[in-house]
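Here are a few notes from my pass through the model, for when you have it open. I went through one helix and then the aromatic contacts.

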Amino acid sequence: IRRPPRSTPKPSSAASDVYKRQVMNDKKIKKIVLAYSGGLDTTVILHWLKDKYDAEVITFTADIGQEQDNNLVEERANSIGASKVIIEDLKERFTKDFIFEMFKANTVYEGEYLLGTSIARPLISQRLVEIAEEEGADAIAHGATGKGNDQIRFEIGSYALNPDIQVLAPWRTWEYSSREDLVNYCKLHQIEIDASPDEPLYSTDENLLHTSYEGEILEDPALEAPESIWKRTASLKNAPESEEIVVLQFVEGVLVAIDDKEYSPAKLLSRLNELAGKHGIGRLDIVENRFTGMKSRGCYETPGGTILLKAHRTIESITLDSKAGHLKDESMPRYAQLIYDGFWWSPEREALQALINKTQEYVTGSVRLSLYKGNITVLGRESDYSLYDSKIVTFEAVSYTHLRAHETLRYLVCRLLLE
């Protein structure tokens, strides 16, 4: 959406226009595509949408590596009255086109977070918009709350792909405000779902890259996260007493094999998850700055991604030109912020991706690592494109004399002498 010329009358804000359009179109909605997980929130939303709009609701569930029973998800959606249930296995597409692309940049948000939730939203948004078009739907809907980042990511992504799409966000418009409200809704409408208002409520998100935990006791940043929340990584006390050696092979910045065995992208990441989880690698407890302006504490498990980040940086250390590497590192925080804030489909993210991909042309080779009780230790790295020259760097060399070092220093300092 481009800004109008200055000479035109000042329009209302884009957010206001979207809201007005949604209010005007509410009564016209006849078919909705809902991002559906099968959990309490989206199950209530499915029923509520049908009731409020008297509309046909198609559920869409993206299988991106989360633990779920697809048969149960389908059965539950059908029992509520979904007109069509779509469940797609997107693990390979998610890993190849989103996770691996992001890891080429060694992407971390605020120095630590590997963006496991953020990177999943562009793909889900893309499929929601595509399915809406395929099915002739009037709107799409999601179950993100009004406090978190996901509402922004879903909607920015959807509007970027189709500016005319109508997005419904029930958590921002209905009268319910708690888990207890939703459980009572299920009782009132005789919806069978395994949920209790007295259970500890951790807000979780899971996919092939990570699992996140927020809410309940975690809302106090002074309190230790309970050991019971961690599902994918062993505690250091229970991790093996011996190290495990693993070799990762890369081609143009992309992981292609582990221990000389080639797998598909999703299976490569699954294998890394297995290795890292066993050795207690990949736990993170941070307080992050949300796009919405508040600070939020989150606990994250990103086992395979933690190994992948270490290995990728290691192979880059011998194959990437220093200045290109520094430019890439300088660009990374901006790239991470774009993904965190939901701007994957923006022209600036695509421009940065082109730069990042260019730097990866010779990032090919292997990295040998030791995994032991939460630690990843680099044991070696090699590449046919290595820029490391032991004949030059050795202290015994005569090809690079001390006189040449002096001449280089004089050259580098010239601009300071002229100021």
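1. Start with helix α10, residues 322-341. Its 20 residues reach 29 Å from the first C-alpha to the last, close to the 28 Å expected at 1.5 Å a residue. Keep in mind that this is a predicted model.

2. That span doesn't rule out a bend: α10 has a kink of about 35 degrees at Met-332. The kink comes shortly before a proline, Pro-333.

3. Now the two ends of the helix. At the N-terminal end, Asp-321 acts as the cap, with a side-chain oxygen 3.1 Å from the backbone nitrogen of Lys-323. Just after α10, Gly-342 takes a positive phi of about 100 degrees.

4. Which residues of α10 are buried? They are Gly-325, Lys-328, Ser-331, Met-332, Tyr-335, Ala-336, Leu-338, Ile-339, Tyr-340 and Asp-341. Note that Met-332, the site of the kink, is on that list. The partners of these buried residues are α4 (91-103), α6 (150-161), β11 (283-289), α9 (303-319) and α11 (347-359).

5. On to the aromatics: searching the whole structure turns up 12 aromatic pairs. One of them is Tyr-113 with Tyr-340, an edge-to-face pair at 6.2 Å centre to centre, with 90 degrees between the planes. This pair ties together distant parts of the chain, 227 residues apart: Tyr-113 belongs to the loop between α4 and α5 (121-135), while Tyr-340 is in helix α10. Both tyrosines, Tyr-113 and Tyr-340, are buried.

6. Why is the pair of Tyr-362 and Tyr-385 called tilted? The planes of Tyr-362 and Tyr-385 meet at 50 degrees, so the pair falls in the tilted class; the ring centres are 5.4 Å apart. Planes under 30 degrees apart would count as stacked and over 60 as edge-to-face. Here the link is between two loops, with the residues 23 apart: Tyr-362 lies between α11 and β13 (365-372), and Tyr-385 between β14 (375-382) and α12 (390-393).

7. Are those two rings buried or exposed? Neither label fits: Tyr-362 is partly exposed, at a relative accessible area of 47%, and Tyr-385 is partly exposed too, at 42%.

8. There is also a cluster to look at. Ring pairs join Trp-48, Tyr-53, Trp-171, Trp-174, Tyr-176 and Tyr-185. One of these rings, Tyr-53, has Lys-52 over its face, at 5.5 Å from the ring centre.

9. Last, check Trp-344: Arg-349 lies over its face, 3.6 Å from the ring centre.

Technical notes: Residues are numbered from 1 along each chain as its sequence is written. This is a predicted model: local features need pLDDT of at least 70, side-chain atom pairs count only at pLDDT 80 or more; totals for chains, interfaces and linings use all residues. Side-chain values use heavy atoms; hydrogens and water are left out. Helices (H or I, at least four residues) and strands (E, at least two) are DSSP runs, numbered from the N terminus. The expected span of a helix is 1.5 Å times one less than its number of residues. The bend at a residue is the angle between axes fitted to the seven residues ending there and the seven starting there. Buried means under 20% relative accessible area, exposed over 50%, partly exposed in between (1.4 Å probe, protein chains only). Contact means heavy atoms within 4.5 Å. A polar contact is a pair of N or O atoms within 3.5 Å; within protein, one must be able to donate a hydrogen and the other to accept it, and residues adjacent in sequence count only if both atoms are side-chain atoms. Rings of Phe, Tyr and Trp (its six-membered ring) pair if their centres lie within 6.5 Å; planes under 30 degrees apart count as stacked, over 60 as edge-to-face and the rest as tilted. A charge sits over a ring if NZ of Lys or CZ of Arg is within 6 Å of the ring centre and within 35 degrees of the ring normal.
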